[in-house]
Amino acid sequence: MIFEPFRPFIAADFQVKFATVTWERRCAAHLRRQVFCEEQGLFDGDDRDAIDEAAIPIVAVSMLGLVADDVVGTVRIHEAEPGVWWGSRLAVAADYRKVGALGAALIRLAVSSAHARGCTRFLAHVQAQNGLLFRRLHWSIVEEKELHGRPHYLMQADLAHYPPILDAETGFHALARNSLPRKAA
């Protein structure tokens with residue numbers, strides 16, 4: 001009898017929302033360390049910085065039926081000056097990167113929730129390999145630059161494509177099989 005390794009379980013339903021409880025914030029920080037420190041080697045040991053003190057963490061939580069399971073994606077947003085918001089540290093767990101809806105759903109909630117809070121300009125430094133995703137989501141390149149030894153784009157979201165989302169604490173559900181998010185119950 002031949003035993004083949006099992007593929008890891010990949011949830012099909014995700015809640016994308018502000019991190020409102022301790023375990024979500026803790027898991028988001030862990031995921032960021034995995035992606036930016038261990039996997040990409042951009043930071044040594046920890047990627048936290050002064051922005052984390054003011055930033056709002058956003059998470060994509062995998063759902064097992066009606067039960068939250070794990071944080072499989074994260075991004076943070078902050079207002080740098082009145083009306084000018086930034087998104088940063090977008091990370092998706094390696095096993096979930098083929099779930100095309102996650103990155104886009106995190107970006108959507110980031111920009112739309114900032115828009116609801118008075119955002120007039122939303123910016124992000126985006127690693128060059130992710131530029132196409134952002135351009136497809138109605139972002140434009142403002143400038144090309146190098147950060148942490150890697151090529152990045154300074155990009156700006158077209159707010160006309162991101163209507164305000166007022167209830168970001170509960171967010172919305174994104175389905176793996178369908179990239180269109182549906183409203184949380």
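## Buried serines, a core and a pocket in a predicted model

Serine 112 counts as buried, because its relative accessibility is 1%. The model is predicted. Serine 112 belongs to helix α2, which spans residues 101-116. Its side chain has a polar atom 3.0 Å from the backbone oxygen of proline 163. Proline 163 also appears among the contacts of serine 112. With neighbours within four places in sequence left aside, these contacts are Tyr162, Pro163, Pro164 and Ile165. Alanine 160 lies 48 residues from serine 112 in sequence. In space, the two C-alpha atoms are 9.9 Å apart.

### Overall layout

The protein has 185 residues, and 46% of them are buried. It holds 3 helices and 9 strands. From the N terminus, the order of elements is β-α-β-β-β-α-β-α-β-β-β-β. What share of the contacts with a separation of 6 or more joins residues 24 or more positions apart? The share is 63%.

### The core

The largest nonpolar core has 50 residues. Which of its residues touch the most other members? They are Val16, Ile58, Val111, Phe122 and Trp139. Helix α2 gives the most to this core, with 8 residues.

Valine 111 is in contact with Phe122 and Trp139. Both of these partners are also on the list of core residues that touch the most other members. The other contacts of valine 111 are Ala157, Leu159 and Tyr162, again leaving aside neighbours within four places in sequence. Tyr162 is a contact of serine 112 as well.

Isoleucine 58, another residue on that core list, has a polar partner in threonine 74. The backbone oxygen of isoleucine 58 lies 2.8 Å from a polar atom of the threonine 74 side chain. Threonine 74 is in strand β3. Is threonine 74 buried or exposed? Threonine 74 is buried, since its relative accessible area is 1%, and buried means under 20%. Beyond four places in sequence, threonine 74 contacts Ala28, Leu31, Arg32, Ile58, Val59, Arg89, Leu90, Ala91 and Leu106.

### The largest pocket

The largest pocket contains about 960 Å³ of space. Its lining has 45 residues. Closest to the pocket centre are Leu90, Val126, Gln127, Asn130 and Phe134. Leu90 is also among the contacts of threonine 74.

Several elements each supply at least two lining residues. They are α1 (22-39), β3 (67-81), β4 (84-92), α2, β5 (121-127), α3 (131-136) and β6 (139-147). Which element gives the largest share of the lining? Strand β4 does, with 7 residues. By residue class, the lining divides into 26 nonpolar, 13 polar and 6 charged.

### Strand β4 and other sites

Serine 88 is found in strand β4. Its side chain makes a polar contact of 2.6 Å with the side chain of arginine 76. Its contacts beyond four places in sequence are Val75 and Arg76.

Arginine 89 is also placed in β4. Its phi is positive, about 60°, although it is not a glycine. Histidine 148 is another residue other than glycine with a positive phi, near 55°. Histidine 148 sits in the loop between β6 and β7 (150-157).

Arginine 121 is in strand β5. The C-alpha atoms of arginine 121 and tryptophan 85 are separated by 6.3 Å. Along the chain these residues are 36 apart. Arginine 121 touches Gly83, Val84, Trp85, Val142, Gln156 and Leu159, not counting residues up to four places away in sequence. Leu159 is a contact of valine 111 too.

The table gives the accessibility of these four residues.

| Residue | Relative accessibility | Class |
|---|---|---|
| Serine 88 | 17% | buried |
| Arginine 89 | 15% | buried |
| Arginine 121 | 34% | partly exposed |
| Histidine 148 | 48% | partly exposed |

Why does serine 88 count as buried? Its relative accessibility is 17%, and the cut-off for buried is under 20%. Histidine 148, at 48%, counts as partly exposed, because exposed means over 50%.

Definitions and conventions: Residues numbered from 1 in each chain as written. Predicted model: local features only at pLDDT ≥ 70, side-chain atom pairs only at ≥ 80, totals over all residues. Heavy atoms only, no water. Helix = DSSP H or I, 4+ residues; strand = E, 2+ residues; numbered from the N terminus. Buried < 20%, exposed > 50% of the residue type's maximum accessible area, 1.4 Å probe, protein only. Contact = heavy atoms within 4.5 Å. Polar contact = N/O pair within 3.5 Å; in protein donor to acceptor, adjacent residues only side chain to side chain. Core = buried A, V, L, I, M, F, W, Y, C linked by side-chain atoms within 4.5 Å. 1 Å grid on protein atoms, 1.4 Å probe; cavity = no way out; pocket = protein on both sides within 12 Å on 5 of 7 lines; lining within 4 Å. Points joined across faces, edges and corners; volume = space filled by probe spheres on them. Nonpolar A, V, L, I, M, F, W, Y, C, P; charged D, E, K, R; others polar.
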